[in-house]
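Here are my notes on the model you sent. Please read them beside the coordinates.

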Amino acid sequence: TSIPSASSIDDYSLDAAAFYKISGTTASNINGFSNGSSGRFIIVANNTNKNQTFNQEATSSAASNRFVLGVANKTIGVNQTATFIYLTGLTVGGSGSQSRWVLTSTT
């Protein structure tokens, strides 16, 4: 499944796939994906000619669609991937019972 690159990607609605390719020619700031469910794994590959950046807790996306990255942001280069798991019941910023996409690895 393809995710079109854009300057800002907020609350992008994922379908039922587990593998996604970012396509296009724009460097993107990716702030959130919707349709997460507890335990869901996804892999996102950069199929563009620009770096793609995932942003930690970007307020332009709904709280339950945001990323927990362990760093302020995570950039993947051309042909690199990022893997996420959707977790529920997290404590984020001192608030319990939160749901987020958690980065598990990049290559």
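The points below go from overall fold to core.

1. This is a predicted model, in which local features need pLDDT of at least 70 and side-chain atom pairs count only at pLDDT 80 or more, while totals for chains, interfaces and linings use all residues. Residues are numbered from 1 along each chain as its sequence is written, and side-chain values use heavy atoms, with hydrogens and water left out.

2. The protein chain has 12 strands and zero helices. Helices (H or I, at least four residues) and strands (E, at least two) are DSSP runs, numbered from the N terminus.

3. The C-alpha trace spans about 40 × 25 × 20 Å along its principal axes. The radius of gyration of the protein chain is 13 Å, which agrees with the value near 13 Å for a compact globule of 107 residues; this quantity is taken over C-alpha atoms, and the globule rule is 2.2 Å times the number of residues to the power 0.38.

4. Of the 107 residues, 42% count as buried, meaning under 20% relative accessible area (1.4 Å probe, protein chains only). Among contacts (heavy atoms within 4.5 Å) with a separation of 6 or more, 49% join residues 24 or more positions apart.

5. The largest nonpolar core (buried Ala, Val, Leu, Ile, Met, Phe, Trp, Tyr and Cys residues joined through side-chain atoms within 4.5 Å) has 18 residues. Strands S4 (19-23), S7 (41-46), S11 (81-92) and S12 (95-106) each give two or more residues to this core, and S11 gives the most, with three.

6. Phe84 is one of the residues with the most contacts inside that core. Leaving aside residues up to four places away in sequence, Phe84 touches partners including Ile42, Phe54, Phe67 and Trp101.

Technical notes. Buried < 20%, exposed > 50% of the residue type's maximum accessible area, 1.4 Å probe, protein only.
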